[in-house]
Amino acid sequence: MKPEIHPKYQKVVFKDTSTGFMFLSGSTKYSKETIEWEDGKTYPLLTVEVSSDSHPFYTGRQKFADAGGRVDRFKKKYNLK
């Protein structure tokens, strides 16, 4: 492999802005913000709007806006049974 062409892979802390939930993971993303983690080490802090803690699919608070499918909408549009 060629040297110096791959981004630096490091441990970072992701913080969900809507719930405040934080988790430590590996990433090639970089941030100037840092935070001290539970292990006493300082890691870059990346903020995200949605994580598994706030996403409706993972929390079970998913709402279904459209109960009918394409066929049902077609039948309703043209008054078919």
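**Aromatic pairs and sheet of a predicted model**

Three aromatic pairs are counted in this structure, which is a predicted model.

Biologist: Is the aromatic pair of Phe14 and Phe23 stacked or edge-to-face?

Modeller: A pair of aromatic rings is described by the distance of the centres and the angle of the planes. For Phe14 and Phe23 the centres are 5.4 Å apart and the planes make 20°. Planes under 30 degrees apart count as stacked, and the pair of Phe14 and Phe23 is accordingly stacked.

Biologist: Which residues do ring pairs link into a cluster?

Modeller: Phe14 and Phe23 form one aromatic pair. Ring pairs extend to a cluster whose members are Phe14, Phe21 and Phe23.

Biologist: Is Phe14 buried or exposed?

Modeller: The limit for buried is under 20% relative accessible area. Phe23, at 29%, is partly exposed. Phe14 has 15% relative accessibility, so Phe14 counts as buried.

Biologist: In what order do the four strands stand in the open sheet?

Modeller: Strand β1 (residues 10-16) pairs with β4 in the parallel sense over four bridges. Strand β3 is joined to β4 (residues 42-48) by three bridges, and these two run antiparallel. The pairing in the sheet is thus mixed, and the order is β2-β1-β4-β3.

Biologist: Which strands stand at the edges, each with a single partner strand?

Modeller: The order of the open sheet is β2-β1-β4-β3. Each edge strand has a single partner, so one side of it is left without a neighbour in the sheet; the two are β2 (22-27) and β3 (34-36).

Biologist: How large is the average twist from one strand to the next?

Modeller: The sheet in question is open and has four strands. From one strand to the next, the twist averages 45°.

Biologist: What is the bridge partner of Val13 in β4?

Modeller: Bridges to β4 come from β3 and from β1. Within β4, Thr42 is the partner of Glu36, and Tyr43 that of Ile35. For Val13 the partner in β4 is Leu45.

Biologist: Which residue in the hairpin of β3 and β4 takes a positive phi?

Modeller: Five residues lie between the two strands of this hairpin. The phi in question is near 90°, and the residue is Gly40.

Biologist: What is the area of the nonpolar surface patch that includes Phe74?

Modeller: Phe74 lies in helix α2 (residues 70-77). At 46% relative accessibility, Phe74 counts as partly exposed, and a patch residue needs over 30%. Together with Tyr78 and Leu80, Phe74 makes a nonpolar surface patch of about 330 Å².

Conventions: Residues numbered from 1 in each chain as written. Predicted model: local features only at pLDDT ≥ 70, side-chain atom pairs only at ≥ 80, totals over all residues. Heavy atoms only, no water. Pairing = 2+ DSSP bridges. Axes fitted to C-alpha atoms, helices over the stretch in contact; angles between N-to-C directions. Patch = residues over 30% accessible without salt bridge, like charges linked within 9 Å, V, L, I, M, F, W, Y side chains within 5 Å. Areas by Shrake-Rupley, 256 points an atom, 1.4 Å probe, with all protein chains shown as cover. Salt bridge = Lys/Arg side-chain N within 4 Å of Asp/Glu carboxyl O. Buried < 20%, exposed > 50% of the residue type's maximum accessible area, 1.4 Å probe, protein only. Phe/Tyr/Trp six-rings, centres within 6.5 Å; stacked < 30°, edge-to-face > 60°.
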